[in-house]
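Colleague: Before I lean on any of the labels attached to this structure, I would like to hear how each one was reached.
Modeller: Then let us take the labels in turn and set each value beside its cut-off.

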Amino acid sequence: MFPGGAVDPISAALIIGDKTDVRRSRVREKPKASFDIHDRVNYAVTDQTLKIDMEKKVISLNLQIDTDSCSMYEYFEIFLQRMFMCRGAADMLGATFKLTANGAKVL
């Protein structure tokens, strides 16, 4: 288990909700030159969809990332551990966590 991992179904749901919330609108208005890596990653996500298929027990995060704003490497530098936390949280809920970025299956 990763630090901060799910210990019960409620914490699992909270982790998934929190850690999958990556989107451009989270970045406050300021010059792009002053963006830190978190700002660049959030700004680069132009579309985010979290789908839960109760029947198949699959939680899917689908991202569209503008790689001109942030490289895929930068995204994973910041979010890989968070995605592993989501995978552990999904396991706690008896589900599978899947991640797709720019149409490619990642997890």
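**From values to labels**

Modeller: In this predicted model, four strands make up an open sheet in the order β1-β2-β3-β4, and their pairing is mixed.

Colleague: What makes β1 and β4 edge strands?
Modeller: β1 (45-53) and β4 (104-105) each pair on one side only.

Colleague: How do you know that β3 and β4 pair?
Modeller: Pairing requires at least two bridges between the strands, and two bridges join β3 (residues 96-101) to β4, the two running antiparallel. Alanine 101 stands opposite alanine 104 of β4.

Colleague: What joins β1 and β2, and what lies across them?
Modeller: β1 and β2 pair in the antiparallel sense over eight bridges, with lysine 51 opposite serine 60 in β2. They form a hairpin with four residues between them, and lysine 57 in the turn has a positive phi of about 60°. Helix α2 (residues 37-44) lies across β1 and β2 (58-65), running at about 70° to β1.

Colleague: Why is the pair of tyrosine 75 and phenylalanine 76 called edge-to-face?
Modeller: The structure holds three aromatic pairs. In the pair of tyrosine 75 and phenylalanine 76 the ring centres are 4.9 Å apart, and the planes stand at 85°, so the pair is edge-to-face, the cut-off for that label being over 60 degrees.

Colleague: Why, then, is the pair of tyrosine 75 and phenylalanine 79 called stacked?
Modeller: Here the ring centres are 5.0 Å apart and the planes are at 10°, so the pair of tyrosine 75 and phenylalanine 79 counts as stacked, a label that needs planes under 30 degrees apart. Both residues lie in helix α3 (residues 72-92), four residues apart, about one turn of the helix. Ring pairs link Tyr75, Phe76 and Phe79 into a cluster.

Colleague: How do you know whether tyrosine 75 is buried or exposed?
Modeller: Tyrosine 75 has 0% relative accessibility and therefore counts as buried, since the cut-off is under 20%. Phenylalanine 79 is buried as well.

Colleague: Which charged residue lies over the face of phenylalanine 79?
Modeller: Arginine 82 lies there, at 4.7 Å from the ring centre, where the distance cut-off is within 6 Å. Arginine 24 likewise lies over the face of tyrosine 43, at 3.8 Å from the ring centre.

Colleague: What makes the contact between aspartate 21 and arginine 26 a salt bridge?
Modeller: The closest N and O atoms of aspartate 21 and arginine 26 are 3.7 Å apart, and the limit is within 4 Å, so the contact qualifies. Aspartate 21 also meets arginine 23 in a salt bridge, at 2.7 Å from N to O. A search of the whole structure finds six salt bridges.

Colleague: Why is arginine 26 called partly exposed?
Modeller: Arginine 26 has a relative accessible area of 42% and is therefore partly exposed, because that label covers values between the buried limit of under 20% and the exposed limit of over 50%. Arginine 23, at 33%, counts as partly exposed, and aspartate 21, at 25%, is partly exposed too.

Colleague: How do aspartate 39 and lysine 30 meet, and why is aspartate 39 called buried?
Modeller: Aspartate 39 forms a salt bridge with lysine 30, their closest N and O atoms being 2.8 Å apart. With a relative accessible area of 13%, aspartate 39 is buried, whereas lysine 30, with 38%, is partly exposed. Elsewhere, salt bridges that share partners join Asp21, Arg23 and Arg26 into one network.

Definitions and conventions. Residues numbered from 1 in each chain as written. Predicted model: local features only at pLDDT ≥ 70, side-chain atom pairs only at ≥ 80, totals over all residues. Heavy atoms only, no water. Phe/Tyr/Trp six-rings, centres within 6.5 Å; stacked < 30°, edge-to-face > 60°. Buried < 20%, exposed > 50% of the residue type's maximum accessible area, 1.4 Å probe, protein only. Lys NZ or Arg CZ within 6 Å of the ring centre and 35° of its normal. Contact = heavy atoms within 4.5 Å. Axes fitted to C-alpha atoms, helices over the stretch in contact; angles between N-to-C directions. Salt bridge = Lys/Arg side-chain N within 4 Å of Asp/Glu carboxyl O.
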